[in-house]
Amino acid sequence: VAANFWGAATIAETTRMGFLAGYPDGSFRPNNNLTRVEALLALSNGLKLPPASLNVLAAYGDRAQIPSYAAASLAAATTQKIVVNYPQTNRLRPLEVITRAEVATWIYQALVYQNQAPAINSQYIVQPTATAPALSDVGGHWAESFIRALADRGILTGSDSGAFEPDGQMPRAQFAAIVARAFNPAPERPGKSFIDVPAGFWAESAIQQAYCAHFLSGTSETTFSPYEPMQKFQVAIALASGLDWLDGTVADLA
């Protein structure tokens, strides 16, 4: 951001206030598009919204797409009725680029939160009344206690119908999403592009986080195979590698 850039002063002020931050490489990238999750993170951080239960994220049928690092902030924004979703209130679409209209509605709701504007009655304001999915098919299952405990933490989710399918297979993309939410691991190697994980894929961020933290590698130099089911030994190796229980010599088996 050059000193004579038209938005330099505004960027500096919003950064000072905590609404925005730069990227890890020290850049701000002012001309990049803003995604919906990035906009909600900015509002949640800048407004210093109070913590909220992750259970409110059950309001979104596409909650599995929410990056682990953003879950707490999005739960706070949802609880304070910042989120306005059109045309479906139960679809957050966190990775989509935000539109000007969406920015306007969320900024207005932020003013409502601060008691600086009157509330507007809109059917598209997400109401923070949703509870965690019932996980209707885990009752009596041998792993029920573990499954429900992770669900309470927002790490596991059921389908829109409330089913979890505890004896179903675990695709690699879903496993990446789970470890990203559970451990929020820091990167230990550069990211990698995979031809079968296109931009905007629901688990793209989680796959990159799991890859960079050595939980998972590609199934080839160019592919990740997001729908391929994990085998039990691969899960064991992935956890041992990502949690630094190994010296790295067998990490690529995951």
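The exercises below, each with a worked solution, concern a predicted model.

**Exercise 1. The faces of helix H1**

Task: Determine which residues of helix H1 (residues 8–16) are buried, and which are exposed on the other side of H1.

Solution:
1. Buried means under 20% relative accessible area, and exposed means over 50%.
2. The buried residues of H1 are Ala8, Ile11 and Thr14.
3. Viewed down the axis of H1, the buried residues lie within an arc of 135 degrees, so they line one face of the helix.
4. Ala9, Thr10 and Arg16 are exposed on the other side of H1.
5. Just after H1 comes Gly18, with a positive phi of about 95 degrees.

**Exercise 2. The surroundings of Asn85**

Task: Locate Asn85 in the chain, decide whether Asn85 counts as buried or exposed, and list what Asn85 touches beyond four places in sequence.

Solution:
1. Asn85 sits in the loop between helix H3 (71–79) and helix H4 (100–113).
2. The relative accessibility of Asn85 is 0%, and therefore Asn85 counts as buried.
3. A polar atom of the Asn85 side chain lies 3.0 Å from the backbone oxygen of Thr89.
4. Leaving out residues up to four places away in sequence, Asn85 touches Arg36, Tyr60, Arg91, Leu92, Trp106, Tyr124 and Val126.

**Exercise 3. A peptide bond in the loop between H3 and H4**

Task: State whether the peptide bond from Tyr86 to Pro87 is cis or trans, and place Pro87 in the chain.

Solution:
1. Most peptide bonds are trans.
2. The bond from Tyr86 to Pro87 has omega near 5 degrees and is cis.
3. Pro87 belongs to the loop between H3 and H4.

**Exercise 4. Positive phi at Ser225 and Asp244**

Task: For Ser225, give phi, the location and the burial class; then do this for Asp244, giving phi, the location and the burial class.

Solution:
1. Most residues other than glycine have a negative phi.
2. Ser225 is not a glycine, yet has a positive phi of about 60 degrees.
3. The location of Ser225 is the loop between helix H7 (204–212) and helix H8 (232–242).
4. Ser225 counts as buried because its relative accessibility is 18%, and buried means under 20%.
5. Asp244, which is not a glycine either, has a positive phi of about 65 degrees.
6. Asp244 lies in the segment after H8.
7. Asp244 is exposed because its relative accessible area is 52%, and exposed means over 50%.

How values were computed: Residues are numbered from 1 along each chain as its sequence is written. This is a predicted model: local features need pLDDT of at least 70, side-chain atom pairs count only at pLDDT 80 or more; totals for chains, interfaces and linings use all residues. Side-chain values use heavy atoms; hydrogens and water are left out. Buried means under 20% relative accessible area, exposed over 50%, partly exposed in between (1.4 Å probe, protein chains only). Helices (H or I, at least four residues) and strands (E, at least two) are DSSP runs, numbered from the N terminus. The arc is that of the directions from the helix axis to the C-beta atoms. A polar contact is a pair of N or O atoms within 3.5 Å; within protein, one must be able to donate a hydrogen and the other to accept it, and residues adjacent in sequence count only if both atoms are side-chain atoms. Contact means heavy atoms within 4.5 Å.
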